[in-house]
Amino acid sequence: SRQGNDLADLPIQTGALPWRVQGGRVEVLLVTSRRSGRWLIPKGWPMAGLSLAQAAAQEAYEEAGVHGIIEPDPLGWLTHDKQHDLFGAMTVRIAVHALAVQRELATWPELGQRKRRWFSLKQAVEQVDSAELAGLIRRLKSHARARH
């Protein structure tokens, strides 16, 4: 585990935690990683001219084929160890923004490269490898109830 002041030096990515309410239950949309096939959230590098929240919404479209209302402030942050094509193994900080899904598209840029699936909050917590991400999924429940 990293020390608190090391975190400020880490590169920042942005991610979306897509959610909806179905039959009175909050559900979360996860996508598979292209490399490992593990379940995670759509995420990527910041984009010129876009806020972190807007870039997260763009990643949700590209990786999961969803559009919706993105929260401007992060629900929280997590750290993630990733394999970068140029720089090798690296740790990044990810600002995670809740995304209230309004539309699911039949086709999207990374269709065929990833799977997407809706999970109950309990299932989503069990599917993800990251304890930090599991904590954000748990936190989403009260956030979603307040917004719905």
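**Exercise 1. Place His67 in this predicted model, and decide whether His67 is buried, partly exposed or exposed.**

Solution.
- Step 1: find the element. His67 sits in strand S5.
- Step 2: take the relative accessible area. For His67 the value is 30%.
- Step 3: apply the cut-offs. Buried means under 20%, and exposed means over 50%. His67 is therefore partly exposed, at 30%.
- Step 4: look for a partner that is distant in sequence. His67 and Arg103 are separated by 36 residues along the chain, yet their C-alpha atoms are 5.2 Å apart.

**Exercise 2. Do the same for Ile70: which strand holds this residue, and is Ile70 buried or exposed?**

Solution.
- Step 1: Ile70 belongs to strand S5, which runs over residues 66–70.
- Step 2: the relative accessibility of Ile70 is 18%, so this residue counts as buried.
- Step 3: pair Ile70 with Val101. The sequence gap is 31 residues, and the C-alpha to C-alpha distance is 8.6 Å.

**Exercise 3. Describe helix H2: compare its span with the expected one, then find where its buried residues lie.**

Solution.
- Step 1: count and span. H2 has 13 residues and covers 17 Å from first C-alpha to last.
- Step 2: compare. At 1.5 Å a residue, 18 Å is expected, and the span of H2 is close to that.
- Step 3: list the buried set. In H2 these are Ala53, Ala55, Ala56, Glu59, Ala60, Glu63 and Ala64.
- Step 4: project them around the axis. These residues cover an arc of only 155°, which puts them on the same side of H2.
- Step 5: zoom in on one member. Ala53 is found in H2. Its relative accessible area is 5%, so Ala53 is buried.
- Step 6: add a spatial neighbour. Between Ala53 and Val96 there are 8.3 Å, C-alpha to C-alpha, for a sequence separation of 43 residues.

**Exercise 4. Which side-chain partners do Glu27 and Thr91 have in polar contacts?**

Solution.
- Step 1: locate Glu27. This residue is part of strand S2, residues 25–32.
- Step 2: check burial. With 12% relative accessibility, Glu27 counts as buried.
- Step 3: name the partner. The Glu27 side chain has a polar contact of 2.8 Å with the side chain of Arg20.
- Step 4: locate Thr91. Strand S7, residues 88–104, contains Thr91.
- Step 5: check burial again. Thr91 has 17% relative accessibility and thus counts as buried.
- Step 6: name the partner. The side chains of Thr91 and Asp81 are joined by a polar contact of 2.6 Å.

**Exercise 5. Characterise the largest pocket: what is its volume, and which element gives the most to its lining?**

Solution.
- Step 1: the volume of the largest pocket is about 560 Å³.
- Step 2: its lining counts 21 residues, and the closest to the centre are Arg35, Lys43, Lys82, Gln83 and Arg114.
- Step 3: assign elements. Two or more lining residues come from each of strand S4 (43–44), helix H2 (52–64) and strand S6 (76–84).
- Step 4: rank them. S6 gives the most, with five residues.
- Step 5: sort by class. The lining of the largest pocket holds twelve charged, seven polar and two nonpolar residues.

**Exercise 6. Repeat the analysis for the second largest pocket: how many residues of each class line it?**

Solution.
- Step 1: the second largest pocket has about 200 Å³ of space.
- Step 2: of its 14 lining residues, Arg38, Leu40, His80, Asp129 and Ser130 are the closest to the centre.
- Step 3: assign elements. Strand S3 (39–40) and S6 each supply at least two residues of this lining.
- Step 4: rank them. S6 has the largest share here, with four residues.
- Step 5: sort by class. The lining of the second largest pocket divides into seven nonpolar, three polar and four charged residues.

How values were computed: Residues numbered from 1 in each chain as written. Predicted model: local features only at pLDDT ≥ 70, side-chain atom pairs only at ≥ 80, totals over all residues. Heavy atoms only, no water. Buried < 20%, exposed > 50% of the residue type's maximum accessible area, 1.4 Å probe, protein only. Polar contact = N/O pair within 3.5 Å; in protein donor to acceptor, adjacent residues only side chain to side chain. 1 Å grid on protein atoms, 1.4 Å probe; cavity = no way out; pocket = protein on both sides within 12 Å on 5 of 7 lines; lining within 4 Å. Points joined across faces, edges and corners; volume = space filled by probe spheres on them. Nonpolar A, V, L, I, M, F, W, Y, C, P; charged D, E, K, R; others polar. Expected span 1.5 Å × (residues − 1). Arc of directions from axis to C-beta.
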